[in-house]
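Please look through the sequence and the 3D structure shown here before reading on. The text after them is a guided walk for a reader who has not met this structure before.

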Amino acid sequence: MNAKPTHTFTNHDVAEHLRLIATLKEIKGEGRFHWLAFRNAADVIDNLPEDVNDIAAAGTLTDLPGVGKGVAEVIEQFLATGDSELAGKLRSQVPVTLVELTEVPGLGAKKVARLWRELGITTLAELKAAAEAHRIRELKGFGAKTEENILKGVALLEQRRHARTPLGVARPQALGLIQALREALPADAITAIEPAGSLRRWKETVGDLDILAITPDPAQVMAAFQQLPQVEEVLLGGETKTRVRLHGGLECDLRVVEPRHWGTALQYFTGSKAHNIELRELALKQGWSLSEYGLKATGKGDAPAGEERFFETEEALYAFLGLDWIPPEMRENRGEIALAQTHALPHLLTRDDILGELHGHSDWSDGRVSIEAMAEAAIARGYRYWLLSDHSVGLGVTGGVDGEKLAEQRKIVDALNAQWAREGVDFRLLLGVELEILADGSLALPDDVLARLDVVVASIHSSLRQDRETITERCLKAIRNPHVDILGHPTSRLLGKRPPTEIDMERVLQACAETGTVVEINAHPWRLDLNDVHARRAVDLGCKIAISTDAHRLTDMDYLIYGVGVARRAWLTPDDVINTRPVDAMLALLKKN
Ligand code: DGT
Ligand code: CA
Ligand code: CA
Ligand code: ZN
């Protein structure tokens, strides 16, 4: 599959950078006109159907509404380097820590600017201390009530700072850091650099970033790392380990290791802790003590006590202990070590196994671009099929398609397919719907309309607070409908924003297995729904899985890797997933066929 290269910075990253500039300008006291332009441009970029990287490459940024020469220049610099001259200049004039203070409820840029100029407050800690010491109420226009609200707001922000970060936020940051570090240094300064930790295991949220590097000059690398624009504060600066906090609150460890220790270090810092402990036990049984550097003979095995073994690769370390190399996603001590011992590890699904997607939207509902543009993007990614599944009526907030609109979509889909067939393009656009499961479990479209569609994805978007029995029964009713092929994002959770519904997944998955209803792994990084544990359970119960990004815009298709990450953490093989098959074989697996 010729996957399009994924750009390091997304439209949203660009928008956030423009917002940072706007806020710094506002705090600095520049006129409304100066900062509003950046904030407006940020909204435009955030809502753009096209990838801003493509627009910048074509040199047409200034054609966008609200994007003038100044803003365009900032965007270009940001896409190339992860920062801009303007932001750098503003950071030298305004302490960047003030930006976070503007996120305290009730504190806008104007108030933050006064707290800074009149009381010298630049950090959350200083703000808290000043509020506790009742120094804030002395300022004109601030009162005791303001102090109280500030303390509440600070507590909220601190809580957010200690929360785990969704992988979809953390991964671009880690890759951005690595790219920025490479660019800040001469080409031969870094021999190897890899993210480790939970990020490398594709865990859905990460506590902190762990990056490992090999370099001939550790001091140079550590110095460059501390100076990266992404870094808010250096928490610990050592010769081989530096710990920093990034803007936004995520913390990152960078460790420098020797080449001969690389395999063991990468293994150790990839974890998980539970996997490492199990591996350590296994090594001990063979007479070796395992550390982050290598193996040392305990004297209880064949090798004389104190003898050391080092490994330049993880494969060599695992092999020395009698194991096949274990994919990081499996390293959770869920039985993977025993399988590696007997050479029985599953051949995990990879991104290239996915031949098409079975859940996506167009501007007929809440998608951003036309049916044709979405399909062309799917073709450009090397997909052989893509399911158009706009929201059905019944969702309220969006237009939503009904029987009539679906008939119109069918004509468009047929015409496009005929055109690609003439052009010899090996691609099939499928017509379906994302069908609303209504609050009482009835479906938003009648059976005769559903029967005319290629694939029906049914999902729940409303009445999410129903009790366990009600929402489970509601879902079971939909699953039992012979026209419902796929159950979309079964728990409706949004990571860090909305908890899963109370739905009884065991019963739901059993019903899916019994009826032949395929279960979705929604790959959107906010959803990842099914999660890894449920996906494993689904397959154990005999369900088939579909992995789709639920794309609402072209770049959403980049999110497929997160769904594949969930699948790999669930030990899924290509056979478990229906959209690894050519279109006819895939359709033949649906229950209606
Ligand atoms: P996170 O950051 O909470 O998402 O999870 P991890 O897995 O990235 O954990 P982290 O950052 O605390 O440590 C990175 C890896 O270092 C961890 O996966 C395994 C290894 N490690 C850390 N502490 C220990 C430990 O006490 N014993 C062992 N055996 N390994 C450890
Ligand atoms: Ca970590
Ligand atoms: Ca760590
Ligand atoms: Zn949906």
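The paragraphs below take up the metal sites, then a sheet, a pocket and a single side-chain contact. The model is a predicted one.

A good place to start is the pair of calcium ions. The calcium ion (ligand 2) and the calcium ion (ligand 3) lie 3.7 Å apart, and aspartate 208 bridges them. Which protein atoms coordinate the calcium ion (ligand 2)? They are Asp208 (O), Asp208 (OD) and Asp210 (OD), at 2.2 to 2.6 Å. Around the calcium ion (ligand 2) there are six donor atoms, and because the angles they subtend run from 70 to 168 degrees, the arrangement is irregular.

The calcium ion (ligand 3) has as its protein donors Asp208 (OD), Asp208 (OD), Asp210 (OD) and Asp253 (OD), which lie 2.2 to 2.9 Å from the ion. Along the chain, the donors of the calcium ion (ligand 3) are spaced as D-x1-D-x42-D. Aspartate 210 belongs to strand β4 (residues 209-214) and aspartate 253 to strand β7, so this pair ties together parts that are 43 residues apart in sequence.

Are these aspartates buried or exposed? Aspartate 208 and aspartate 210 are both buried. For aspartate 210 the relative accessibility is 14%, so aspartate 210 counts as buried because the cut-off for that word is under 20%. Aspartate 253 is also buried, with a relative accessible area of 4%.

Further along the chain is the zinc site. Glu434 (OE), His461 (NE2) and His489 (NE2) coordinate the zinc ion (ligand 4) at 2.1 to 2.3 Å. The spacing of these donors along the chain is E-x26-H-x27-H. Where do the two histidines sit? Histidine 461 is in the loop between β14 (455-459) and α20 (468-480), whereas histidine 489 is in the loop between β15 (486-487) and α21 (505-515). The two are 28 residues apart, and the pair links distant parts of the chain. Histidine 489 has a relative accessible area of 1% and is buried.

Strands β14 and β15 lead on to the sheet. Seven strands make up an open sheet, with the order β11-β12-β13-β14-β15-β16-β17 and parallel pairing. In general, the strands of a sheet pair through backbone hydrogen bonds, in either a parallel or an antiparallel way. Which strands are at the edges of this sheet? They are β11 (356-357) and β17 (545-548), each of which pairs on one side only. Strand β16 (residues 518-522) is joined to β17 by four bridges, and the two run parallel. Isoleucine 521 stands opposite isoleucine 547 in β17.

Next comes a pocket. Rolling a probe the size of a water molecule over the atoms shows where empty space is left. The second largest pocket has a volume of about 330 Å³. Its lining consists of 18 residues, and the closest to the centre are Tyr268, Phe269, Gly271, Lys273 and Asn276. Elements that give two or more residues to this lining are β7 (251-256), α13 (262-270) and α14 (273-285). Strand β7 therefore appears at this pocket and also holds aspartate 253.

The last stop is asparagine 53, a residue of helix α3 (residues 52-58). Asparagine 53 is buried, with a relative accessible area of 11%. What does the side chain of asparagine 53 make a polar contact with? The partner is the side chain of aspartate 51, at 2.8 Å.

Terms used
Residues are numbered from 1 along each chain as its sequence is written. Chains are lettered from A and ligands numbered from 1 in the order in which they are written. This is a predicted model: local features need pLDDT of at least 70, side-chain atom pairs count only at pLDDT 80 or more; totals for chains, interfaces and linings use all residues. Side-chain values use heavy atoms; hydrogens and water are left out. Donors are N, O and S atoms within 2.8 Å of the metal (3.2 Å for Na, K and Ca); water is not among the atoms, so sites may look incomplete. Buried means under 20% relative accessible area, exposed over 50%, partly exposed in between (1.4 Å probe, protein chains only). Four donors count as tetrahedral if all angles lie between 85 and 135 degrees; four count as square planar and six as octahedral if opposite donors are over 155 degrees apart and all others between 65 and 115; anything else is irregular. A polar contact is a pair of N or O atoms within 3.5 Å; within protein, one must be able to donate a hydrogen and the other to accept it, and residues adjacent in sequence count only if both atoms are side-chain atoms. Two strands pair if DSSP finds at least two bridges between them. On a 1 Å grid over the protein atoms alone, a cavity is a set of points where a 1.4 Å probe fits but cannot get out, and a pocket is an open set with protein on both sides within 12 Å along at least five of seven lines; lining residues have an atom within 4 Å of a point. Grid points are joined across faces, edges and corners, and a volume is the space filled by probe spheres set on the points.
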